[in-house]
Every structure is written in C-alpha cells, then in structure tokens.
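Reader: I'm new to reading protein structures. Could you walk me through this one?

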Amino acid sequence: KKRAPLSVRMENASCRLNELLYKTMQQKESNLCLAIDFTQKEQILELAKVAAPHVVAIKLHADCITDFDDQFVKELRTIAHNHHCIIFEDRKLADIGAVNILQLKGHQNIAKWADVVTVHAVQGQESIEAFRKVINDDNYCLSGILLIAQLSSKGALTQLDGYTQAARNIGEANRDIVAGFICQTKISDFDDMGHWTPGVNLDAKSDDAGQQWRGANEAIRRQLNDIVIVGRGVTASKNPKEQLERYKREAWNAFIGGDHDTT
Ligand code: UP6
C-alpha cells in the first residue's frame, strides 16, 4: 500500500506534532531521527549541532545524562529552533495517568522542552488520555506522544498476540494527541499517523544485549515505516557526519521509492 504524499498527510494531521513533522520532512528531504545516547551534555550538544541540518528529530534519553541542567535545555532548544528540528524525549512512560503527568513535569520537566515523548500502551487508554491536558496547555512544549506498539529487541513481549493491535487501537482513537507509533512495521492506515522505527543499522545485525537491526531499505520500503531512528550506526562511528549523510540518503531514497537498493 502506497503512502499518501506528505502534503496530504500534513493537511490531514490531527496532532500538532504531525503538522510540524511532515512540513519538516518535506523541507529537509529527510526522514531521519538521530538517537544520541550519550551521558554528557557537551557531547550531546556537539553532535546535535552536526546532526541538526540532516535530521527531522533528535532523540534523547534525558535520564541517562549525568549533568543535565537548564543550560543544556536552552542550548538544545536553540538548535531545534535554528534547524527546524523536533526534540524527542524517549522516556517510555508506563504508569497510571496521574503519575505519567507527574513524571512529565518532574525534575527534568520533560513537558517544557520536549516536542514529543514515548509512552507505553500497556497502561491502557484512559491513562494515555491523561496526556491531553498537558499537550493542550500552551505553557508546555509537548505537542504529541508516540505510542510503543512494537519493540525492536529480541523476544519483546509486544509480539504477544493482540498487543500491537491493541496499541494501534488506542492510538487511532486519540489521534489529536497520539502522533503515531514506535514500531517495526506499518500498523495504521490513517494517513496522518507517523510510523517511527528504531532497530536500523547499515553495518551490523545485533548488539550483545538483545537489540536487532536491519537496513533502512527494509525498514522503510518493505516494512513501510516513515522515520528511521538510528543511534550507534552514527554515534559509535569515527566520522558521524559522513554516516549521517549516508543514513539520510539511504532512508530518504527508500521513502520516496527510489531504486537505490543497497541494504
Ligand atoms: N529504541 C529501540 N528499540 C525500540 C524502542 N526504542 O532501540 O523498540 C531506542 C533505544 C535507542 C535507539 O532506546 O535509543 O532507539 C536505538 O539505538 P541504536 O540504533 O544504537 O540501537
């Protein structure tokens, strides 16, 4: 099944984050998100500056950063502003709605600086609807959530019968706040829903801790995801800029259906 053009997806966007996402993809000709899993803010900011022109989103695990502070957030938002980049906090929230909200506004104040945050579906629909209040509050930056429908790791319990479909149903019923899914393969037929896929590496198949990787062509052209999330393929390389350009090219060619099959 073909994807709708970005202009149509932008128009059909129910969630604010998706208007921004599809516009940015079109402008930058990129469907790449960089996962910067470093522990120090200077390291992160340095790579974020190099990456920002090439990617639509920069994904963080803020709770892995040992010297996280307000200055970091300020500099990050400046990079996001200057290069039209989405700031993505991969917190993978999974609790009752009331606690999700406390965590969003907690010591790292995620809702103030992140455009999007990941949320597990395991907690059920009503806990997820609790995010609406924060997303609709202009005092916060948060403009959408991504529901985790499938994990990339070996033996993930998201493979159990019915889990992914149940997550999809929650997302589709709340498209004003759920911008899309973290998944391994396209699961929703709604044009506006974004399919963000981790587990992409052009040079390796697995790490020693359960991660499973496949190429960008497999992830985007065959499995029909929209956005490639790449981490160590870029961050562990000696020449991240060169790898960013390579991943960007591979992922975008796969997205626009070019016949540049190298995976
Ligand atoms: N991520 C996965 N798999 C999932 C969900 N999220 O790998 O199912 C996240 C990880 C990491 C990034 O938390 O930040 O995507 C992947 O990094 P890698 O490319 O270095 O494996």
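## A walk from loop to barrel

Author: Sure, and keep in mind that this is a predicted model. Let's start with G231, which sits in the loop between strand 8 and helix 11.

Reader: Is G231 buried or exposed?

Author: We can settle this by counting neighbours. The cut-off for calling a residue buried is 20 or more other C-beta atoms within 10 Å. G231 has 20 C-beta neighbours inside 10 Å, so it counts as buried.

Reader: Which residues does G231 touch, not counting those up to four places away in sequence?

Author: Residues up to four places away in sequence are left out here. With those set aside, G231 touches A35 and D37.

Reader: Where is D37?

Author: D37 isn't part of a helix or strand; look for it in a loop. That loop runs between strand 1 (32-35) and helix 3 (41-51).

Reader: And why is D37 called partly exposed?

Author: Being buried takes 20 or more other C-beta atoms within 10 Å, and being exposed takes 12 or fewer. D37 falls in between, because its count within 10 Å is 16 other C-beta atoms.

Reader: Leaving aside neighbours within four places in sequence, which residues is D37 in contact with?

Author: G231 is one of them, just as we saw from the other side. The full set for D37 is H61, C64, G231 and T235.

Reader: Which residues does UniProt list for "binding site"?

Author: Both of our loop residues, D37 and G231, turn up in that list, which comes from an unreviewed entry. The UniProt record gives D37, K59, S152, Q211, G231 and R232.

Reader: Which residues are the closest to the ligand?

Author: The ligand has 15 residues around it. Strand 8 (227-230) and helix 11 (232-235) each supply at least two residues of that shell. The closest are L151, S152, P198, G231 and R232.

Reader: By class, what does the shell around the ligand have?

Author: The shell sorts into three classes: nonpolar, polar and charged. The split is six nonpolar, six polar and three charged residues.

Reader: In what order do the strands close into a barrel?

Author: Eight strands take part, and their pairing is parallel. On average, neighbouring strands of this sheet are turned by 30° against each other, direction ignored. The order around the barrel is 1-2-3-4-5-6-7-8.

Reader: Which residue in strand 4 stands opposite F88?

Author: Strand 3 (residues 86-93) runs parallel to strand 4 (residues 116-120), and three bridges join them. Across from F88, in strand 4, stands V116.

Key. Residues are numbered from 1 along each chain as its sequence is written. This is a predicted model: local features need pLDDT of at least 70, side-chain atom pairs count only at pLDDT 80 or more; totals for chains, interfaces and linings use all residues. A residue is near a molecule or strand if its C-beta atom, placed from the backbone, lies within 6 Å of it. Helices (H or I, at least four residues) and strands (E, at least two) are DSSP runs, numbered from the N terminus. Ala, Val, Leu, Ile, Met, Phe, Trp, Tyr, Cys and Pro count as nonpolar, Asp, Glu, Lys and Arg as charged, and the others, Gly among them, as polar. UniProt positions are given in the numbering used here, feature names are shortened, and annotations may be inferred rather than shown by experiment. Two residues are in contact if their C-beta atoms, placed from the backbone, lie within 7 Å. Two strands pair if DSSP finds at least two bridges between them. Axes are lines fitted to C-alpha atoms, for helices over the stretch in contact, and angles run from 0 to 180 degrees between N-to-C directions.
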